[in-house]
Amino acid sequence: MTALQTIAVAFAMFSALPMPQFDWNEKNMRYALCAFPLVGVVCGALWCVCGVLPLPAAARAAGFCLVPVWVTGGIHLDGYADTCDALSSYGDTAKKLEILKDPHCGAFAVIRLCSYFAAYFALCGCVAFTPRVGVLWTLALVGERALSGLAVAAFPLAKNTGLAHTFATAADRVRVRQVLAVLCAMLAVGLTALGGWALVLAAFLVFARYHVVSGKQFGGITGDLAGWFLQKAELWMLAALAVITIALGCVILFGKFDSIMLLAGISLIVDGMFDLIATLAFSKRVREARQKLHMYMGGPIIDSEKVDD
């Protein structure tokens, strides 16, 4: 029950999806940051649904652009806008933190949001959806949230109030850091194996920039800065995904036959490795499930691998 409540806390805070109402306490908030990446799974799944629907290109790009906003309710975009206002003020740390608390939306926030959505929509139009691209982007959406949660548990806090402080103080910070660090490493390996090394590079460069900006200009992180990081990471990873798509298209369109065959060979090798990993991971479970099914049906337990032709 505590695990389900922990997941519900994460979704209630970081998404607009309806969740059951209950009291938040030390137990169900302790590992809420570990459940935060699950919001990325929902975003990625809906992104893939949008990709497979028979929509016009412009409508599909708009869907790609709006799915994260619909799922999250714009909570991270709010932080992005506030942080853009604060950074554009060029004031001292106290002035920037004061701007973050201001509920009004400044001119620079509006300009940056319009620019953000224009760039996001254009990049979505450059992405040719395939099942592999859908998996890559889902892993990326999960990864950026894992990095965001890791930062809340690991980076210094700018103030003793606010969203980041609430979740950081309620969390078992050591265990959360360990879990999310392992998750980030696993996602990086998975993305790289699928050919998404550029997305990994983009995410970690933005993460490094996040650490520098939060420390030097704000004295630590806040909930608004966490939203700013997540939106920046998402945009730059999408740019990396679009570049990969465009680069592959250019190679196929303008490349020599030998280059195209080399690219096809590498793709087949990567596909083979991915299929081998999936087979090794699930074959044992499939055999166990088949044996349990025979047991429940009252028939003999047969291992097909031991049956002679």
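Here is a walk through this predicted model, from its opening helix to its core and then to one residue at a helix end.

A little housekeeping before we start: residues are numbered from 1 along each chain as its sequence is written. Local features need pLDDT of at least 70, side-chain atom pairs count only at pLDDT 80 or more, totals for chains, interfaces and linings use all residues, and side-chain values use heavy atoms, with hydrogens and water left out.

Start at helix 1, residues 2-14 (helices are DSSP runs of H or I, at least four residues, numbered from the N terminus). Its 13 residues reach 18 Å from first C-alpha to last, close to the 18 Å expected (1.5 Å times one less than the number of residues). Thr6, Ala8, Val9, Ala10, Phe11 and Phe14 are its buried residues (under 20% relative accessible area, 1.4 Å probe, protein chains only). They pack against several helices, including helix 4 (37-52), helix 5 (57-72) and helix 10 (163-170).

Now for the largest nonpolar core, which has 78 residues. Such a core is a set of buried Ala, Val, Leu, Ile, Met, Phe, Trp, Tyr and Cys residues joined through side-chain atoms within 4.5 Å. Trp137 and Tyr210 have the most contacts inside this core, and helix 13 (residues 223-254) gives the most to it, with 13 residues. Leaving aside neighbours within four places in sequence, Tyr210 is in contact (heavy atoms within 4.5 Å) with residues including Phe155, Leu225 and Trp228.

Last stop: Ala154, in helix 9 (residues 131-154). Ala154 is partly exposed, at 39% relative accessible area, which puts it between the buried limit and the exposed one, over 50%. Beyond four places in sequence, Ala154 touches Arg173 and Arg177.

Key: Helices (H or I, at least four residues) and strands (E, at least two) are DSSP runs, numbered from the N terminus.
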